[in-house]
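User: I'm new to this structure and would like a close look at a single part. Which helices each supply at least two residues of the lining of the largest cavity?

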Amino acid sequence: MDLVAAFRSLQPIGAHLGATERRDAQNAARVLYGTLTRLAQRELRRSDFGDDDRDSVVSTVLYRMVAQGPRGARAGDPTDEDGVTGWLVTAVRNAGRDLQRGRRRHRSLDEVNENGQSLGERLRVDDRSAEEVQQQASAAQQQDAALDKAGRVLHAVVIPRAVRNKERKAEGAGARLHVTLVELRAAAMAENDVASLAEAELRAAGQPFDKKELGKRRAALDKRFQRAREAVLAEVEAMREEGLLDAALHAALGVRIQAELYLQKRKDSLLAATTREAIRRRGERLSGGFTLS
Amino acid sequence: MSSFNVRPHIQPDAVTRLGLDQVRLGSAVELPRSERSRRHLGRSSTAIPQFEPGFEPIFRRGSRPAIPVGDFLVEKVRTADGEAWRLRCDAEELAVSTAGDDLLPWTVDPADPSIVYIQPGADAACTIAKPDGRGVVVVSEPGRGLFAYDFRPRTGVTAIPAALTPVRSPAPAWITAADPAWLAELIRSRAQRRGPFNAAVSVGIWSRLREPDPTSRMLALDALLLGASDPDLERPHAFFASLPGGVQRAVLEGALAHVTALHGSLDMLVAKLDLESPAWRDALLAALHLRDDIESALLLLRGAGQAEIVESALRPVDRSFGLFVRSLPRPLRLGDARLQRVAEVDHDAWWSAVPVLR
């Protein structure tokens with residue numbers, strides 16, 4: 001049974017199932033158990049994950065999948081092995097992160113781990129192996145390369161497509177979308193938020209500070225930016241459905257879009273913040289890259 | 001006014017299905033369509049219609065009172081989803097059945113089982129019957145209007161015809177055992193709402209969102225890998241399989257009705273986008289919960305191989321709503337434990353993608 005079939009067939013076994021469905025469910029569990037075990041080994045190699053932790057993550061993810069099963073046919077579900085693997089990787093990472101979070105809530109600096117080291121000591125000791133460091137560096141390089149590529153695709157392909165589609169629907173709409181995206185990107189890179197932009201608009205219009213007017217301008221900006229983002233996201237989904245984006249590029253595009261087209265009130269997305277920093281370091285221009293054609 | 005025993009103009013198979021050929025029909029009462037009602041809609045109530053009690057009659061003082069039809073009083077009310085008809089009588093239990101090409105959402109008032117709300121479709125009929133066999137049929141006749149007929153048994157037989165769907169389908173008691181406390185409370189409050197759909201939702205929530213202890217989890221997975229069943233994992237599907245066909249159908253119809261409501265919610269949220277407005281955020285949260293309710297009912301429908309029609313109806317709204325939610329600026333802190341849990345167990349569920357307090 002292949003991974004996609006396993007993903008779709010996994011469900012609880014019971015009297016409500018026929019013999020074929022029972023067999024499929026059992027096979028699906030075996031296939032996914034093996035895949036999850038392998039992925040957990042790969043994704044959770046850090047020293048704060050022991051074998052027991054990885055087993056716990058695998059059983060957590062698999063149980064959750066069974067309890068929700070059968071999967072059905074939801075819009076946006078992965079349809080190929082790449083997509084299912086990506087889905088499973090996300091589930092493993094999330095479960096691993098939740099396991100760590102649960103621990104941190106209960107841990108104090110003086111508690112010792114199974115090696116007799118207190119957390120305080122471990123924070124001072126870099127006990128990662130050279131191989132782990134190398135692997136992490138290599139993964140970081142790959143991530144940078146993926147984000148670079150996603151940036152090029154976003155500005156050279158996705159946004160122009162979105163702009164052209166808008167223009168086809170209504171004259172001038174494409175140009176307005178283009179302008180909004182330029183403004184939005186500039187604001188995101190400058191770490192502005194909507195409230196500041198609304199204030200700046202009021203000042204530029206020479207209007208006195210009026211709470212009601214400020215609220216109106218803020219709401220109008222929110223709406224305009226939300227529609228612009230929706231147009232870009234719709235284009236990404238359309239390209240994914242056309243088979244133009246693989247799972248890795250789709251994920252990297254998501255990160256670029258979050259970094260460049262969402263205004264953060266706080267830096268609660270580390271990846272988006274570091275992506276913005278990387279963009280600034282490389283001196284990527286604000287206005288280049290997307291054109292109406 | 002039609003004379004006594006004139007049949008409503010609905011399809012013969014629907015007449016049979018609703019058991020109308022077995023009863024004596026009373027006079028037709030036309031239920032007026034309120035042309036002015038649109039101006040009263042969409043006031044501040046942006047909650048997703050669960051037909052909560054306390055909806056206001058549309059008719060103002062001095063205009064039409066409730067209309068008596070047989071043993072029922074029928075009046076038009078305003079809900080967040082538009083107009084609905086409220087039918088009430090002195091029965092403790094009612095049986096509802098629908099027929100026709102259009103969807104006909106209906107639900108029982110969670111606080112009072114003698115009250116039923118319906119939203120007549122363009123070509124649909126609905127019967128509501130008391131245990132003594134007397135009841136009312138509401139028929140939407142294209143080109144003619146909306147009519148209600150009272151009916152009574154032809155003979156002294158008081159049993160409810162098999163075609164009718166029992167309204168009460170209590171959720172099983174075992175779903176109240178859940179951790180943590182917020183989940184137990186959520187399940188309990190859903191289980192208290194009457195109707196097959198709500199019972200299915202409470203069972204689905206129990207199955208999807210609970211987290212068993214590690215030992216139970218390992219035992220369940222060991223059983224699955226060996227091709228055996230686990231009692232807790234099997235229980236929700238066994239519950240659904242044990243329901244009569246009419247009740248299962250009521251769950252499916254309820255799910256479809258809520259998909260329709262979801263479409264309406266999206267339209268409203270897009271049109272009235274205001275991220276700082278507490279009412280708008282409440283409406284968004286209610287819509288996300290509604291989608292999760294549908295997913296909970298779908299768990300049971302999928303297990304029974306009856307989900308296709310609901311999934312087909314859901315696909316377009318999932319696409320559109322998913323895009324809309326992902327396009328919202330972040331963070332949009334809603335602080336909801338239920339959605340946070342959904343994000344943990346179903347990470348690509350778009351309705352959990354709105355950032356929540358962690």
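Analyst: Two helices, one from each of two chains, each give at least two residues to that lining: H3 (51-68) of chain A and H7 (278-303) of chain B. Helices here are DSSP runs of H or I with at least four residues, numbered from the N terminus. H3(A) gives the largest share, three residues. Keep in mind that this is a predicted model: local features need pLDDT of at least 70 and side-chain atom pairs count only at pLDDT 80 or more, while totals for chains, interfaces and linings use all residues. As for bookkeeping, residues are numbered from 1 along each chain as its sequence is written, chains are lettered from A and ligands numbered from 1 in the order written, and side-chain values use heavy atoms, with hydrogens and water left out.

What counts as a cavity? On a 1 Å grid over the protein atoms alone, it's a set of points where a 1.4 Å probe fits but cannot get out, and lining residues have an atom within 4 Å of a point. Points are joined across faces, edges and corners, and the volume is the space filled by probe spheres set on them. The whole structure has five cavities of 30 Å³ or more, and the largest holds about 150 Å³. It has 14 lining residues, and the closest to its centre are Met65(A), Gln68(A), Gly69(A), Arg71(A) and Trp87(A). By class, the lining has six nonpolar, two polar and six charged residues (Ala, Val, Leu, Ile, Met, Phe, Trp, Tyr, Cys and Pro are nonpolar, Asp, Glu, Lys and Arg charged, and the others, Gly among them, polar).

Gly69(A) is worth a second glance: its peptide bond to Pro70(A) is cis, with omega near 0 degrees. Pro70(A) sits in the loop between H3 and H4 of chain A. For context, most peptide bonds are trans.

Now for the second largest cavity, at about 90 Å³. Its lining includes Met65(A) and Trp87(A), along with chain B residues such as Glu344(B) and His347(B). H3 and H4 (81-106) of chain A and H9 (337-345) of chain B each give two or more residues to it. H4(A) gives the most, four residues. This lining divides into six nonpolar, two polar and three charged residues.

Back to H7(B), which has a helix partner in its own chain. The axes of H6(B) (residues 245-271) and H7(B) come within 10 Å and cross at roughly 155 degrees; axes are lines fitted to C-alpha atoms over the stretch in contact, with angles from 0 to 180 degrees between N-to-C directions. That makes the pair roughly antiparallel, a label for angles over 145 degrees. The crossing is left-handed, so called because the near helix is turned anticlockwise from the far one by less than a right angle. Among the residues in contact (heavy atoms within 4.5 Å) are Leu252(B), Val259(B) and Leu262(B) from H6(B), and Trp280(B), Leu284(B) and Ile294(B) from H7(B). That contact has 16 nonpolar, two polar and one charged residues.

Note on methods: On a 1 Å grid over the protein atoms alone, a cavity is a set of points where a 1.4 Å probe fits but cannot get out, and a pocket is an open set with protein on both sides within 12 Å along at least five of seven lines; lining residues have an atom within 4 Å of a point. Angles under 35 degrees count as roughly parallel, over 145 as roughly antiparallel, 65 to 115 as roughly perpendicular and the rest as oblique.
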